[in-house]
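Me: I am new to this one. Can you walk me through it in short steps?

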Amino acid sequence: MTNTKQTILTGIRVNGEMTLGNHLGALLPMVRLANKHSVNSNINIFVPDLHTIISDIDGTLQANLIKSIKYYLAAGLKLNQNVHIYRQSYIPAHSELAWILNCFATMGEVSRMIQYKEKGEGKDSTNVGIFDYPVLMAADILLYDARYVPVGEDQFQHLELTRDLAERFNHRAGREVFVLPAPTAEQAKFMGANDGIRIRDLQNPERKMSKSAAAENSKIMLSDTPEAAAKKVMSATTDSVNKVQFDMSNQPGISNLLQILSLLQGIPLATVTAEWAGVTQYGEFKAAVAEEVKAFLADFQARVAEISDREVLDILEESEAEVSKIAQAKLLEVQKVVGLR
Ligand code: TRP
């Protein structure tokens with residue numbers, strides 16, 4: 001089976017708990033990108049459940065996986081025949097291709113991956129999965145001839161490895177078995193302006209909003225009640241400049257709230273900033289942001305509640321039946337090159 005359409009592919013981390021920062025900085029940009037391109041490109045969004053078990057084996061995977069997909073749907077992901085949402089472990093070709101690529105990857109290059117160096121290098125107790133993670137990721141991408149792979153910058157090195165492995169394999173095969181994903185500079189351009197938005201911690205706006213922050217009012221979780229979230233906004237750290245303006249270095253708290261308002265309203269930051277120019281009382285401004293956050297959460301949570309687990313499973317099963325044909329065909333080509341078939 002040949003893929004005539006361009007493929008955009010990404011793996012979404014299984015995340016039971018997401019912050020408003022994850023929503024505005026990662027989920028929403030991905031949904032917008034997918035909706036924009038799904039008319040004429042394949043959109044593959046998959047749950048890398050085999051990657052998840054490298055660190056978390058705690059019985060929460062199934063529930064979190066379903067919830068993560070509901071979040072994508074609630075965030076507005078439009079489904080059509082080009083959009084595929086699937087689970088990695090349901091397509092055995094991912095694991096099989098990863099093994100074959102293992103035989104092309106070198107200890108040297110995989111040892112140089114920053115994520116591995118930070119998480120596991122030099123410890124006897126490090127599981128081999130942590131080391132081999134990027135090779136499985138390469139298989140995820142190469143099975144589907146994906147050209148664009150929207151990921152955070154922390155994953156760029158893995159994309160470069162994917163390109164190297166594809167090139168090495170193609171050279172061995174003497175033909176283009178794998179499509180090389182675009183170079184990372186081109187990937188970044190493709191992801192566009194929404195990329196790199198970092199919503200800040202409400203109490204310590206110099207830091208990124210993180211679900212692991214100790215203080216509850218530092219972060220807004222998508223599962224917070226709308227009222228509780230509004231209160232957190234009201235108690236956000238500001239400054240004593242007394243001007244509502246965008247100045248991340250001197251007024252990170254106010255700038256963060258402007259950013260949140262702009263993204264929730266879907267209005268450019270410059271426009272929102274202009275609307276609030278001249279306001280010197282933070283109370284009024286915070287109340288407006290709080291109201292917006294409250295309305296967003298109420299609406300988002302209602303949408304999530306409307307989607308049943310069965311609906312999610314139906315979407316997954318249908319996609320899995322389709323993409324497994326593509327994956328299996330690619331795997332067979334690869335198996336022939338290395339003499340397994
Ligand atoms: N490593 C990615 C992350 O941590 C998740 C992932 C796994 C992925 N396989 C992928 C992303 C393939 C893109 C393509 O976010």
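Reply: We start with a definition: a residue counts as buried when its relative accessible area is under 20%, and as exposed when that area is over 50%. Partly exposed covers what lies in between. The model is predicted.

Me: Is Asp145 buried or exposed?
Reply: Asp145 sits in the loop between H7 and S4. Its relative accessibility is 17%. The cut-off for buried is under 20%. So Asp145 counts as buried.

Me: What is the phi of Asp145?
Reply: Asp145 is a residue other than glycine. Its phi is nevertheless a positive value. That value is near 55°.

Me: Which residue in the loop between helix H10 and helix H11 has a positive phi of about 60°?
Reply: The loop runs between helix H10 (226-234) and helix H11 (252-265). The residue there is partly exposed, with a relative accessible area of 39%. It is not a glycine, although its phi is positive. The residue is Asn242.

Me: Gln251 is also found in the loop between H10 and H11. Is Gln251 buried or exposed?
Reply: Gln251 has a relative accessibility of 1%. Buried means under 20%. So Gln251 counts as buried.

Me: How far apart in space are Gln251 and Thr237?
Reply: Along the sequence, Gln251 and Thr237 are 14 residues apart. In space, the distance is taken from C-alpha to C-alpha. It comes to 9.8 Å.

Me: Now the ligand. Which element gives the most to the shell around the ligand?
Reply: An oxygen atom of the ligand is 2.9 Å from an N or O atom in the side chain of Arg13. Strand S1 (6-11) and helix H7 (128-142) are the elements that give two or more residues to the shell. The top contributor gives four residues. That element is H7.

Me: How far is a nitrogen atom of the ligand from an N or O atom in the side chain of Asp140?
Reply: Around the ligand there are 14 residues, and those that come nearest are Gly11, Arg13, Tyr133, Asp140 and Gln155. For the side chain of Tyr133, a ligand nitrogen is 2.6 Å from an N or O atom. For the side chain of Asp140, the distance is 2.7 Å.

Me: How much of the ligand's accessible area does the protein cover?
Reply: On its own, the ligand has 360 Å² of accessible area. The protein covers part of that area. The covered share is 96%.

Me: How many residues of the shell around the ligand are nonpolar?
Reply: The shell divides into three groups. Two of its residues are charged, and four are polar. The nonpolar residues number eight.

Me: Let us turn to rings. Are Tyr148 and Phe190 stacked or tilted?
Reply: The structure holds nine aromatic pairs. In this one, the ring centres of Tyr148 and Phe190 are 4.0 Å apart, with the planes at 5°. Planes under 30 degrees apart count as stacked. So the pair of Tyr148 and Phe190 is stacked.

Me: How many residues apart are Tyr148 and Phe190?
Reply: Tyr148 belongs to strand S4 (residues 146-148), while Phe190 belongs to helix H9 (residues 184-191). Both Tyr148 and Phe190 are buried. Their pair links distant parts of the chain, 42 residues apart.

Me: Are Phe169 and Phe178 stacked or tilted?
Reply: Phe169 and Phe178 are both buried. Their ring centres are 5.0 Å apart, and their planes stand at 50°. Stacked needs an angle under 30 degrees, and edge-to-face needs one over 60. So the pair of Phe169 and Phe178 is tilted.

Me: Which residue has its charged end over the ring of Tyr90?
Reply: Elsewhere, Phe46, Tyr86 and Tyr144 form one aromatic cluster. Over the ring of Tyr90 there is a charged end, 3.6 Å from the ring centre. It belongs to Arg87.

Me: Last one. What distance separates the C-alpha atoms of Lys219 and Thr19?
Reply: Lys219 lies in the loop between H9 and H10. At 6% relative accessibility, Lys219 counts as buried. Along the chain, Lys219 and Thr19 are 200 residues apart. Their C-alpha atoms are separated by 6.7 Å.

Key
Residues numbered from 1 in each chain as written. Predicted model: local features only at pLDDT ≥ 70, side-chain atom pairs only at ≥ 80, totals over all residues. Heavy atoms only, no water. Phe/Tyr/Trp six-rings, centres within 6.5 Å; stacked < 30°, edge-to-face > 60°. Buried < 20%, exposed > 50% of the residue type's maximum accessible area, 1.4 Å probe, protein only. Lys NZ or Arg CZ within 6 Å of the ring centre and 35° of its normal. Near = heavy atom within 4 Å. Polar contact = N/O pair within 3.5 Å; in protein donor to acceptor, adjacent residues only side chain to side chain. Areas by Shrake-Rupley, 256 points an atom, 1.4 Å probe, with all protein chains shown as cover. Nonpolar A, V, L, I, M, F, W, Y, C, P; charged D, E, K, R; others polar.
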